[in-house]
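Thank you all for making the time this morning. I would like to walk through one structure with you, slowly, and I will begin with its interior before moving outward.

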Amino acid sequence: KSGTNDYHGSGFYRLRNEALNANGFTNNAANIPRGAFRSKTFGGTVGGRIIRDRAFFFVSYEGLRFSRAYDYLLTVPTAAERRGDFGNTFVGTLTNPLRINIYNPFSSARVGTSNNFERALLPSVIPQSLINPHGLAILNSYPLPNREPRDIFNTDNFFFRDTQTIEKNNINSRVDYQWRDHSFYGTYGFQKGNIRTPRSWGDDNPYYSRKEFVGNQQPDDNPYFAFGDTVALSPTLVLDLRLGVNRIKSDNEADVIENYDYDAVGIPAAIQAINILPGAPPAVPNAGNFGAVSPLNNGTSLHKRERQTNADFNGSVTWTRGRWTHKLGGNYRVLLSNYIDPDDSMQIRTSADFTRRFINADGGTAGLPATDARDNGQGMASILPGAG
């Protein structure tokens, strides 16, 4: 927008606050209180002359400061399960809960002449001699439960609330200058900001079990500038030239942790040496393989960086002749883009199959004798002895 000979300005301020909001239906159902929701949008414009009838300016600004409660309702291993005690770990259904059986992943015998093997039943408390320190470290990376579970399966036994903050600043400016038959203009502006999303287990815990495909940091820094000239070559012939460049710098990244201890969770030195994301905690993504607990860390594919530099040149001629208006022009663009999206270098995986009762010689489960849910193994129990 161009300025004028007169000086004009405007300003605005808009506020929203959780004090004016009702609590959500799902929060009420889970007995979670109303969270923060505070949004401030503010800004203004100013424009006027630099030289009367010849040079003008116009500037606008808009800011956003938004914070809202970001809730995580998750399932974590109980204190007993971290010690290898699965005496109160249940599977099955709410109407038919079954206390789980744990079988030794390192002790099995062939069933007759079949391809099936049967593992030895362990006591409900896994012997300390079987517990692997790396497997124990992984389970202990979860925080302890901090609320009453929703059911006998310990579902939703952990709640954490922090604040997601969104900050953005947007500036646009323009200067116009009239000189003889030329009308020059130049414009510059940028959008800059960041969205900070808290990690799910607390600020002192490096892992992140996200709710959406959202990293902990989403910064933007996107400037642009443009120049143009409109030339009246004659009363019936006008030339218009414009050049613009914009830059995009945008990320969506899970946090990396300085001096993260890969040794503690059993990542071999040879693998650490080729890690392309130093400080990124290993992905522990599969809740099904770990049992009923939530994923400890699923930052996979959350190290995205986008960079663009785009240039655009436009030229056109307008010729008025009698009742005819002829227009001819061209556009030239150079679009440079670079997208970096490394996946996590390391994953920690196990399977409930390592502690199930029956297994095939090749580790498969096809054609096994019929069992109920209590004999199908448990992922947390599998990783404690280091299986998988």
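Let me start with the largest nonpolar core, which has 35 residues, and in which Phe86, Ile102, Ile126, Trp201, Val265, Leu296 and Ile348 touch the most other members. The elements that give two or more residues to this core are strand β3, helix α3 (133–140), strand β8 (158–179) and helix α5 (379–383). Please keep in mind throughout that this is a predicted model.

To take one member of that core, isoleucine 102 is in contact with Phe86, Ala120, Leu121, Leu122, Ile126, Thr355, Gln378 and Ala381, if we leave aside its neighbours within four places in sequence.

From there I would like to turn to the strands. Strand β1, which covers residues 8–16, is hardly covered, and among its nine residues the count of buried ones is zero. Strand β1 is joined by nine bridges to strand β2, residues 37–51, and the two run antiparallel. Within this pairing, tyrosine 13 stands opposite phenylalanine 42 in β2, and Tyr13 and Phe42, together with Tyr61, form one aromatic cluster.

Strand β3, residues 55–74, holds serine 60. Is serine 60 buried or exposed? Its relative accessible area is 18%, and because buried means under 20%, serine 60 counts as buried. Setting aside residues up to four places away in sequence, serine 60 touches Gly44, Thr45, Asn170, Ile171 and Asn172.

Now to the aromatic rings, where the count comes to ten aromatic pairs. One of them is formed by phenylalanine 37 and phenylalanine 66, an edge-to-face pair with 5.0 Å centre to centre and 70° between the planes. Phenylalanine 37 lies in strand β2 and phenylalanine 66 in strand β3, so this pair ties together parts that are 29 residues apart in sequence. As for how the two are covered, phenylalanine 37 counts as partly exposed at 23% relative accessibility, whereas phenylalanine 66, at 15%, counts as buried.

Finally, let me mention charges that sit over rings. The charged end of lysine 211 sits over the ring of tyrosine 70, 4.3 Å from its centre, and the charged end of arginine 174 sits over the ring of tyrosine 185, 4.5 Å from the centre of that ring.

Terms used. Residues are numbered from 1 along each chain as its sequence is written. This is a predicted model: local features need pLDDT of at least 70, side-chain atom pairs count only at pLDDT 80 or more; totals for chains, interfaces and linings use all residues. Side-chain values use heavy atoms; hydrogens and water are left out. Buried means under 20% relative accessible area, exposed over 50%, partly exposed in between (1.4 Å probe, protein chains only). Helices (H or I, at least four residues) and strands (E, at least two) are DSSP runs, numbered from the N terminus. Two strands pair if DSSP finds at least two bridges between them. Contact means heavy atoms within 4.5 Å. Rings of Phe, Tyr and Trp (its six-membered ring) pair if their centres lie within 6.5 Å; planes under 30 degrees apart count as stacked, over 60 as edge-to-face and the rest as tilted. A charge sits over a ring if NZ of Lys or CZ of Arg is within 6 Å of the ring centre and within 35 degrees of the ring normal. A nonpolar core is a set of buried Ala, Val, Leu, Ile, Met, Phe, Trp, Tyr and Cys residues joined through side-chain atoms within 4.5 Å.
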